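Hi,

Here is the structure I promised to pass on. Have a look at it first, and my notes follow below.

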Amino acid sequence: MKQLPAFSAVRCKRCGICEHFCPAQAIELREDSLPYLAKPKACTSCGLCRDMCPDWAVHLRDMSEVESEVERIETEGLEKTA
Ligand code: SF4
Ligand code: SF4
């Protein structure tokens, strides 16, 4: 099962380490410097972004979990996201 990183906006200090060290260059920083997975197909699920993050702001989730969340947001709208 492929896993993809999720970034906690609460924990993340916007240091950019995860983006810098991603060997697949799959992470980019938003305008406010919060990282996001810009290229999910390029991600190899290596876990380096999670391991390098000094603030425990990254965790890997099963891709099916991410897909079902996207589906739910498309169906119910973003405002219902917890
Ligand atoms: S799991 Fe690995 S390849 Fe995927 S975004 Fe993190 S560092 Fe990059
Ligand atoms: S390494 Fe952690 S704290 Fe730094 S930008 Fe990435 S998620 Fe945020």
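Tryptophan 56 counts as exposed, because just 10 C-beta neighbours fall inside 10 Å and the cut-off for exposed is 12 or fewer. Keep in mind that this is a predicted model. Tryptophan 56 sits in the loop that links H2 to E4. Its backbone is worth a look too: phi of tryptophan 56 is near 50°, a positive value in a residue other than glycine.

That loop, between helix H2 (48-52) and strand E4 (58-62), also holds proline 54. Is proline 54 buried or exposed? It counts as exposed, since it has 9 C-beta neighbours inside 10 Å and a residue with 12 or fewer goes into that class. Exposed or not, proline 54 does have contacts from elsewhere in the sequence: leaving aside residues up to four places away, it touches Cys15 and Ile17. You can also check its spacing to cysteine 18, which is 36 residues away along the chain, with 9.4 Å between the two C-alpha atoms.

Another positive phi turns up at serine 33, about 70°, and this residue is not a glycine either. Serine 33 belongs to the loop between strand E2 (27-29) and strand E3 (35-37). It has 12 other C-beta atoms within 10 Å, so it is exposed; the class takes in 12 or fewer.

Now the ligand. Which residues come nearest to ligand 1? Of the 14 around it, they are Cys22, Ala24, Cys43, Cys46 and Cys49. By character, the shell around ligand 1 has eleven nonpolar residues, three polar ones and no charged ones. Cysteine is counted as nonpolar in that split, so bear this in mind when you read the eleven.

Stepping back to the whole chain, you'll find three helices and four strands. Starting at the N terminus, their order is β-α-β-β-α-β-α. The chain is as compact as a globular protein of its length, because its radius of gyration is 13 Å, close to the 12 Å that the globule rule gives for 82 residues. The C-alpha trace spans about 35 × 30 × 20 Å along its principal axes.

On burial, 15% of the 82 residues count as buried. As for contacts between residues at least 6 apart in sequence, 57% of them join residues at least 24 apart.

Cheers

Conventions: Residues are numbered from 1 along each chain as its sequence is written. Chains are lettered from A and ligands numbered from 1 in the order in which they are written. This is a predicted model: local features need pLDDT of at least 70, side-chain atom pairs count only at pLDDT 80 or more; totals for chains, interfaces and linings use all residues. A residue is near a molecule or strand if its C-beta atom, placed from the backbone, lies within 6 Å of it. Helices (H or I, at least four residues) and strands (E, at least two) are DSSP runs, numbered from the N terminus. The radius of gyration is taken over C-alpha atoms; the globule rule is 2.2 Å times the number of residues to the power 0.38. A residue is buried if 20 or more other C-beta atoms lie within 10 Å of its own, exposed if 12 or fewer, and partly exposed in between; C-beta atoms are placed from the backbone. Two residues are in contact if their C-beta atoms, placed from the backbone, lie within 7 Å.
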